[in-house]
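Biologist: Please give me a close look at the strand pairing in this model, and at any enclosed space that the strands help to line.

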Amino acid sequence: MGPQLGIHELLHVFSFLEARDLLRAAQVDKVWNEVSGTKELWRQLCLRRWSSCKDSQVTRGTQTWKQYYLCRSELDFRMQSGRPEKDFVCKALAGHKGEIAKLAYVSPSEYCFDRREKSVVCTASSDGTVRAWHLREGKEIWSSPLQPAALVNLVTYPQLQLVVTVDAQGLIKVWESESGRESASFCLPTPSSALEASDHPEGPFLLVACADGTLCTLTVPGLQLLSRVSVFPNQPASLLCSPDCQWVFTLAEDSDLSPKVFHSQSLLCPPEDEPPVSTALPIGLTSRACWAPEEAARLAVMHRDDNSVQWVVTTYELGAKKCRDAMNILVQQVTSFILPDTMMPPHLMKGHGSQVVLLVSGSELVLFTMHGLRLAAFQDHQKPITALYVDQSRVITSSFDLSLRVYLWKKENKLPALKSCCYLLGGSHRWASGFTQVESDSMSIVGVEARNTGTSILRSYYFQLQRDQDKEQET
């Protein structure tokens, strides 16, 4: 039958095969080998298995869709099994003499399997220094000079290779991530309560919420003040920027004030003698919020009901409409559901895709659709969950029980499903009190491990592909 099939007929037949069958077909003869390696066949396999992967991830890293599929499949397998020394290498990175207030990756988070890129994180500490770390090698790259006050927050701009920190007195600084050189600074009138990095189409900017209730917008890297607006007088606020950077959500902490949404364009280019375009959501006693990553203007908010008795999750769609010379924000409620009475008030909230909300209550991780359908619940930790990381392929939780739990997304029917995979252990309870933060990129996971001495260290888990191990053995 083989000689009777032309290249186009073979390509059509091969389009129904899975990866394992294509690899077997490649061993038949030269023609089958060439056809089974066709770019479009492997591209469709990648898109079916990982709907989030893009052409840019392949062109930046692995040069073919086939290589991308094989490498990422192996990475998923290693994250599912999580065998120490075989699937990952764990390293403790110590150097800070105080608590690590915040960590963030400064290396791109996309999947790249060409060994040219490295996983680099930066940390800000109460010891007054910001540091950069090479996770694969387990080494410190650079440390800043001692700053006048403790550093309390940090954000990064991977595309610009920049790090921004703020200290306890409100002094903001920009650092070059490759050298650690300071390039700009700006002093806030009051201490900061929140930082948010934004890669807007018109250029990157920095959002800063101040303790006196003002919201400042600064250019990056120059830190020039673009706008300053009073949001919640004398009330510190938290910030959330939408996935497309067009919307900014602000929430007054421990207050019954209604949260507000700003159109970011009006913060970047504020109209003369007029406040930036904003609107207050018709709810109070708000606790948490998150954006839907695959819907640019879909916002889920957790708040008390009208009687201030039950917790409710309400989802809104935002829009902007220009009327003559004015811009108006349109808010439409999409869904709303009441959380079960048996569930403790969640303290962490994240979104996934366009329809799923993840809530953390104590030591339990619970998944709901935005219509209120409970999809799954996990209670893998022995102590409360302290941090939650969510991306398009995985979920990671950290806990005071000195473990990180790794979950992988799987598509079942039309709804995503989450599979509990491996757990990664930290240090000894004699020296550590548990993990307080967790972040991840394509090849590594890093957590902040609080020490009983009042200091913090980084514990990184670098997942190795087989060819990495072969290379090390050759060396």
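Modeller: Two strands are taken as paired if DSSP finds at least two bridges between them. By that criterion, strand β24 (residues 364-369) and strand β25 (residues 374-378) are a pair: they run antiparallel and are joined by 4 bridges. Within this pairing, L365 has F378 of β25 as its bridge partner. The hairpin of β24 and β25 leaves 4 residues between the strands, and G372 in this hairpin adopts a positive phi near 100 degrees.

The model is predicted, and its confidence should be stated before going further. The protein chain has a mean pLDDT of 90, with 94% of its residues at 70 or more. Residues 471-475 have pLDDT below 50, and this stretch makes 3 contacts in the model beyond near neighbours in sequence.

Consider next the sheets. In general, strands of a sheet pair through backbone hydrogen bonds, in either the parallel or the antiparallel sense. One open sheet comprises 4 strands in the order β14-β15-β16-β17, and its pairing is antiparallel. Its edges are β14 and β17 (278-280), each of which pairs on one side only. On average, and with direction ignored, neighbouring strands of this sheet are turned by 20 degrees against each other. Inside the order, strand β15 (residues 247-252) is joined to strand β16 (residues 260-263) by 4 bridges in the antiparallel sense, and T250 has K260 of β16 as its bridge partner.

T250 also leads to the enclosed space, since this residue belongs to the lining of the largest cavity. The remaining lining residues are A209, C210, G213, T214, L215, V231, Q235, A237 and L239. Two or more of the lining residues come from each of β11 (203-210), β12 (214-219) and β14 (237-241). Strand β14 is thus both a contributor to this lining and an edge of the sheet just described. In character, the lining has 6 nonpolar residues and 4 polar ones, with no charged residue. The volume of the largest cavity is about 30 Å³, and the count of cavities of 30 Å³ or more is 1.

A further open sheet has 4 strands in the order β6-β7-β8-β9, again with antiparallel pairing. Here the edge strands are β6 (151-157) and β9 (182-187), each pairing on one side only. The average turn between neighbouring strands of this sheet, direction ignored, is 20 degrees. At the β9 edge, strand β8 (residues 171-176) pairs with β9 antiparallel over 5 bridges, and V174 lies opposite A184 in β9.

Note on methods: Residues are numbered from 1 along each chain as its sequence is written. This is a predicted model: local features need pLDDT of at least 70, side-chain atom pairs count only at pLDDT 80 or more; totals for chains, interfaces and linings use all residues. Side-chain values use heavy atoms; hydrogens and water are left out. Axes are lines fitted to C-alpha atoms, for helices over the stretch in contact, and angles run from 0 to 180 degrees between N-to-C directions. On a 1 Å grid over the protein atoms alone, a cavity is a set of points where a 1.4 Å probe fits but cannot get out, and a pocket is an open set with protein on both sides within 12 Å along at least five of seven lines; lining residues have an atom within 4 Å of a point. Grid points are joined across faces, edges and corners, and a volume is the space filled by probe spheres set on the points. Ala, Val, Leu, Ile, Met, Phe, Trp, Tyr, Cys and Pro count as nonpolar, Asp, Glu, Lys and Arg as charged, and the others, Gly among them, as polar. pLDDT is the predictor's confidence in each residue, from 0 to 100. Contact means heavy atoms within 4.5 Å.
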